[in-house]
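Got your viewer open? Keep the selection box handy and we'll walk through this one stop at a time.

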Amino acid sequence: MSTTENDTPPVGSQQYENLAHTGSAPPIDVIDVPGHGEERRSSERDRGEPHGAALPGVDSGLGLRKFVDRLTQPPIIRAWRRFGEQPIRIRAEEAVVRLHAGLPRTRVWTYEGCMPAPTIEVRSGREVRIDWENGLADRRGPLHLPFDVVRVPPNAGVTDFVRALQPGGRSNARGGGDDAYPPLANTQDITAATVVHMHGALTDGHNDGWAHNVALPGNVTRCAYPNAQSARTLWYHDHAMAVTRFNVHAGLAGFYLIRDEVEDALDLPRGDEELVLAVADRNLETDEKGRFTGRILYKQAGTVQNGIAGEIPVTGPFTMVNGTIWPTKNVDARWHRLRLLNASNSRVMRFALHDTTDGHGQAPLPSNDPAFTATRIADALVVIGTDGGFLGKPSPPADGVLEMGPGERADVLVDFGALRGRTVELRNENNTVLNARPGQSEASAMQFVVDRRQVRDPFRLPRVLDARYARWTHRSDGVLEVDGGRLVDHHEHAWIGVVPPRVRGAAHPEMWELKEVEGDVPADTPDVIRIATQDGGVTTLRPVAKLFDDTVTLRFGEGDWAVWNIVHLGGPEHPMHIHMTDFQMLTRRQWPLTNGNVPGFDMTLGATPTPLPVPSAGRPIDAITAGRKDTWVVKPGEWVSILGELAGATGSFMYHCHILDHEDHTMMRPFVVLPKPLLAFHAGHGGGHH
Ligand SMILES: [Cu+2]
C-alpha cells in the first residue's frame, strides 16, 4: 500500500507476525472509497500522481496557485460492518504524496499510506479493537522526521514573524544562503516512536494514548474502543511524549466517526454530500534557487528573552484540506454536511464562507478590509454538532464566523441550494490581516463550485437535532442540574492556572495545577494566585504541580462530576483539551487586559500580590460553545468553568493545550480516575469538593 522514497520494503507483516501478542489481527483488506468520478482515493497519490488534471486556479502570491487540485476524501474503514469481532490493524508508515499539482512529491508519515488517514466509521455501542503498528522504519532502522525543524533567529532581538511565515528556507545543515536557518537542537536525531490518541473517545486510560507509552518501529499496541457514546466526530492522532508536534505535522492524523440511531433518524446529507474536512497549515522548503522541493518545512520564529531561547508555535502560509493545499470541489446545489476538524499544530481558525463568484474578492486582502468582509456569506454555516455530538438544535455561528482551535471539530450543514451557480471559498479569517504584506498567510482554505442546475433536495433543516442534549447548570446552592433534570449534590473541583511566557525567565507559557490554600500567605510569595470573591473574600491558590512528570494531584472517583476552573493569566490563547469524557462550559468570566496581559499578575513573582478583582462576565456562551465538547479556546484574562462526568472509564488520562508546541513543552498534565472504593485505599488522594 505504501511506497517509500527509496523503494525499500516498509517494515510490515513479517516482523509483525513474529511478535507474541499480535493475535489474529488481519491486515486491512476492506476499504470503501467514497465518491467517484472526479475524486480519487488519497492512497492513489502515493504513486506520485497529481489528483487529476490540474485546473487553472487563482494566483496566491505565494508561489503556488490556489484551487488547482480537487478535494479528496480519505478511504473509509467501516469497522462496524466488515470486521465483526476481529481487531483491525492500522500501520503508521511513510508514504510519498503530492500536496499540490505544482509541487514535487512530499514524504509524509501516514496511517495506511493515506493522508489524511483512513476515516474509521463505527456504530455506537459496538466495540472496535485496533492494533496500532509503528511501521516507520526502513532497512537502516527507524525513520527520521520527513522534514527539517528550523528557527528563524530574532532580527536585532525582535521576533521575526515576517520571515518565519514566508514560504521557503531550509536547515543550514543542508547548505548556506540567506534562506537557511539553524535547525532546532536535536530534531535531526528524532526517530519514529508513536502512540495513538483517540481524541474524544471514552475508553480506559491504557487505550487512550498515554504519551509516555510510545512504541518503537515493528511494535504493536492493541487498543479497545467501546464506542459507548453518541454519534460524533472524533479524530485519531499521534500523542508521543515531547514530539507530538512533529509526529502530527508529519501526517499522523485521521477521522473516526461514531454513528447512531439519532443520527440515522435525522436523515442528514450523506454519501457524496457528507465531506470530512481536515484543515491544517504547513510551510514548504525551497532550494537555493527558491524553487519548492516538495519537502515540508517546520519553520518557527525564534525568540530570545533574558538570554533564554524559545520558539513561537509553528504556523505556515499554505492551508491544506485533507492533505491537499487549497483544493477545490464541485458540489451539487443541495444541502451538504461538512465535518470540520482544525488539524493545525497551533493556528486558531475563524472559518467563514465567502462568495468569490467571477473572481470577486479573490485577491488577498486583510480581513479588516471592508472589501474582504463584504464577501462573507453571514448565514451560510449552520452548526449541528460539536466535539461531543449533536447540539439540541441547529445553530448558526454569530456573523457566520465559526472559530475553531486546533483539535476542535464542528459538524456543519451548508445549503448550497441557496448558492446555485456561485463560487464560494471556505476561508480562515484569523490573522488574515497579515495578507496586507505579500508573502504571508493566505485566507483561503478551499473552494466550492456550486452547480448551476436546480436539484430536488428533500432535506429540510430539522428543528430538533438531539433531544438527549440538555444544558448543565451549577446552581448557586452548589448543586448541579444535569441531563433529565437530575440533581448532583456532590462534585469535585480542579484549578488550572495558565501563565504567560517569561514568568521568572521561562521561555514558554506554563500550565500550573493549583490547589486552594487556607489562611494568610505573605503578599510577596511567588506563584500565589489570589482572586477576590463576590462575597468579599479571597480565593488563594498555589501550584502543586507544573511539569508533566510532577506527581499526580488530580485523582477522581469514577462516576464523579468535576468542575475544572481554567484561569488564564495572560499570554497567547490556548485551545485546552481534557481527555476521557464530554464536558460543558458552565461559565466564562473575563479580567480586563493591558497589552494582552492581566494587570495584577506580577511577571517577576509569577503571582498576584493583591487579589485579582471579581471578574466580569466574559464572552457569552453561545449555543455552539454550550455544546458537548472536549476542547475550548481559552483567551487571555478568561476564567472558564467546565463541567464533566468522569464516568465509564478508569485509568491515567491527560489534559493539555492543543497547541502542540505548548503541549510538548510545559502545558500537559496527568489526571487519574479510579473506582471510588479503590480510591479510599489510595494514600494521599486529593481533590476538594462541596
Ligand atoms: Cu497553548
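Which residues point one way from strand 47 and which the other way? Before we look, a word on ground rules: this is a predicted model, where local features need pLDDT of at least 70 and side-chain atom pairs count only at pLDDT 80 or more, while totals for chains, interfaces and linings use all residues. Residues are numbered from 1 along each chain as its sequence is written, and side-chain values use heavy atoms, with hydrogens and water left out.

**Stop 1: strand 47**

Select residues 668-674, which make up strand 47. Strands here are DSSP runs (E, at least two residues), numbered from the N terminus. Met-668, Pro-670, Val-672 and Leu-674 point one way, Arg-669, Phe-671 and Val-673 point the other way, and all are buried. Buried means under 20% relative accessible area, with a 1.4 Å probe and protein chains only. In a regular strand the side chains alternate between the two faces of the sheet. Since seven of the seven residues of strand 47 are buried, strand 47 is largely enclosed by the rest of the structure.

Now add the partners; two strands pair if DSSP finds at least two bridges between them. Strand 39 (residues 555-557) runs parallel to strand 47, with three bridges, and Arg-555 has Val-672 as its bridge partner. Strand 46 pairs with strand 47 in the antiparallel sense over six bridges; look for His-656, whose bridge partner is Met-668.

**Stop 2: the copper ion**

Stay with strand 46 and show the copper ion. Its protein donors are His-574 (ND1), Cys-657 (SG) and His-662 (ND1), lying 2.0 to 2.1 Å from the ion. Donors are N, O and S atoms within 2.8 Å of the metal (3.2 Å for Na, K and Ca), and water is not among the atoms, so sites may look incomplete. Along the chain the donors follow the spacing H-x82-C-x4-H. His-574 sits in strand 41 (residues 574-578) and Cys-657 in strand 46 (residues 651-657), so this pair, 83 residues apart, links distant parts of the chain. His-574 counts as buried because its relative accessibility is 0%, and Cys-657 counts as buried at 0% too.

**Stop 3: the five-stranded sheet**

Next, pick out an open sheet of five strands, in the order 4-7-17-16-14 with mixed pairing. Its edge strands are strand 4 (76-78) and strand 14 (196-199), each pairing on one side only. Strand 14 and strand 16 (residues 232-238) run antiparallel and are joined by four bridges. Zoom in on His-197, which stands opposite His-237 in strand 16.

**Stop 4: the largest cavity**

Strand 17 (253-259) leads on to the largest cavity: strand 17 and strand 18 (274-286) each supply at least two residues of its lining. A cavity is a set of points on a 1 Å grid over the protein atoms alone where a 1.4 Å probe fits but cannot get out, and lining residues have an atom within 4 Å of a point. The lining holds 16 residues, with Pro-116, Ala-253, Ala-278, Met-320 and Ala-343 nearest the centre.

**Stop 5: the six-stranded sheet**

Last, find the open sheet of six strands, ordered 3-23-31-30-25-28, again with mixed pairing. Strand 3 (69-70) and strand 28 (402-404) are at the edges with a single partner strand each, so one side of each has no neighbour in the sheet. Strand 25 (residues 349-355) pairs with strand 28 in the antiparallel sense over three bridges, and Phe-351 has Leu-402 as its bridge partner.

Conventions
On a 1 Å grid over the protein atoms alone, a cavity is a set of points where a 1.4 Å probe fits but cannot get out, and a pocket is an open set with protein on both sides within 12 Å along at least five of seven lines; lining residues have an atom within 4 Å of a point. Buried means under 20% relative accessible area, exposed over 50%, partly exposed in between (1.4 Å probe, protein chains only).
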